[in-house]
Amino acid sequence: MYLDKHNKYLDNAISIRKLVLPNEERQVVNRNHRFLKGPIPFPYLLKASKLPGRALHVFIAIWFLHGVTKNKTFSLKNSLLREFGVQRHAGYRALKELEKAALISVVRCQGRNPRVTINCDNKTIGAR
């Protein structure tokens, strides 16, 4: 005998409403109110803008993390790069270009996010 639970058309009548938990709501609000902390040294910005590929995108993502962590050294996550529209392999290539331009230094470990250090003196960044 045919059972109703196998009828795919019966579920169409059920209304679906997404449940938003309070902590998810805060995350969305925080994500919408993020900003890039400056000042960004103009010579570094010019140097990064002349590099090929997504190097400028990655540089801005790195500077965003610098403002969030208030530190020169941090881990660069692929999820942040995806928010800036950078795919994983393009991010690898951009890190190599930024490293060649001496804007950053990178420590890579297999299976981990790369540790990025911004190469600049305290005079150009300013006291934080």
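In this protein chain, 58% of the contacts with a separation of 6 or more are between residues 24 or more positions apart. Keep in mind that this is a predicted model. The chain has 6 helices and 3 strands, and going along the sequence they come in the order α-α-α-β-α-α-β-β-α. Of its 128 residues, 26% are buried.

**The sheet**

- The 3 strands make an open sheet, ordered β1-β3-β2, with antiparallel pairing.
- β1 (73-75) and β2 sit at the edges, each pairing on one side only.
- From one strand to the next, the twist averages 25°.
- In general, strands of a sheet pair through backbone hydrogen bonds, in a parallel or an antiparallel way.
- β2 and β3 are held in antiparallel register by 4 bridges, and one pair to look at is Val 106 with its bridge partner Val 116 in β3.
- β1 and β3, also antiparallel, are joined by 3 bridges.
- Side chains in a regular strand alternate between the two faces of the sheet.
- On β3, Val 116 and Ile 118 make up the covered face, while Arg 115 and Thr 117 are on the uncovered one.

**Helices against the sheet**

- α3 lies across β1, β2 and β3, and runs at about 110° to β1.
- α5 packs on the sheet too, touching β2 and β3, with its direction at about 130° to that of β2.
- α3 checks out on length: at 1.5 Å a residue its 15 residues should span 21 Å, and the end C-alpha atoms are indeed 21 Å apart.
- Plenty of α3 is tucked away: its buried residues include Val 58, Phe 59, Ile 62, Trp 63 and Phe 64.
- His 66 and Gly 67 of α3 are buried as well.
- As a rule, an α-helix has 3.6 residues a turn, so residues three or four places apart point the same way.

**The nonpolar core**

- The largest nonpolar core has 27 residues, and the members touching the most others are Val 58, Ile 62, Leu 76, Leu 95, Leu 98, Leu 103 and Ile 104.
- At least two core residues come from each of α2 (42-49), α3 (55-69), α4 (78-83), α5 (88-100), β2 (104-107) and β3 (115-118).
- α3 is the top contributor, giving 8 residues to this core.
- In soluble globular proteins, nonpolar side chains do tend to be buried together.
- For a single residue to click on, try Leu 95: leaving out residues up to four places away in sequence, Leu 95 touches Val 58, Ile 62, Leu 76, Ile 104, Val 106, Arg 108, Pro 114 and Val 116.

**Thr 73, up close**

- Thr 73 lies in strand β1 and stands opposite Thr 117 in β3.
- The side chains of these two threonines make a polar contact at 3.0 Å.
- Apart from residues up to four places away in sequence, Thr 73 touches Arg 115, Val 116 and Thr 117.
- Is Thr 73 buried or exposed? Neither quite fits, because its relative accessible area is 27%, which makes Thr 73 partly exposed.
- Thr 73 and Asn 119 are 46 residues apart in sequence, and their C-alpha atoms are 9.6 Å apart in space.

**Backbone oddities**

- Most residues other than glycine have a negative phi, and most peptide bonds are trans.
- Lys 70 goes the other way: not a glycine, but with a positive phi of about 55°.
- Lys 70 comes after α3, in the loop between α3 and β1.
- Lys 70 counts as exposed because its relative accessibility is 59%, and the cut-off for exposed is over 50%.
- Ala 102 is not a glycine either, and has a positive phi of about 65°.
- Ala 102 is in the loop between α5 and β2, where Ala 102 counts as partly exposed at 47% relative accessibility.
- Which residues does a cis peptide bond join? Gly 38 and Pro 39, with omega about -5°.
- Pro 39 is part of the loop between α1 (22-32) and α2.

Methods
Residues are numbered from 1 along each chain as its sequence is written. This is a predicted model: local features need pLDDT of at least 70, side-chain atom pairs count only at pLDDT 80 or more; totals for chains, interfaces and linings use all residues. Side-chain values use heavy atoms; hydrogens and water are left out. A nonpolar core is a set of buried Ala, Val, Leu, Ile, Met, Phe, Trp, Tyr and Cys residues joined through side-chain atoms within 4.5 Å. Buried means under 20% relative accessible area, exposed over 50%, partly exposed in between (1.4 Å probe, protein chains only). Contact means heavy atoms within 4.5 Å. Two strands pair if DSSP finds at least two bridges between them. Axes are lines fitted to C-alpha atoms, for helices over the stretch in contact, and angles run from 0 to 180 degrees between N-to-C directions. A polar contact is a pair of N or O atoms within 3.5 Å; within protein, one must be able to donate a hydrogen and the other to accept it, and residues adjacent in sequence count only if both atoms are side-chain atoms. The expected span of a helix is 1.5 Å times one less than its number of residues.
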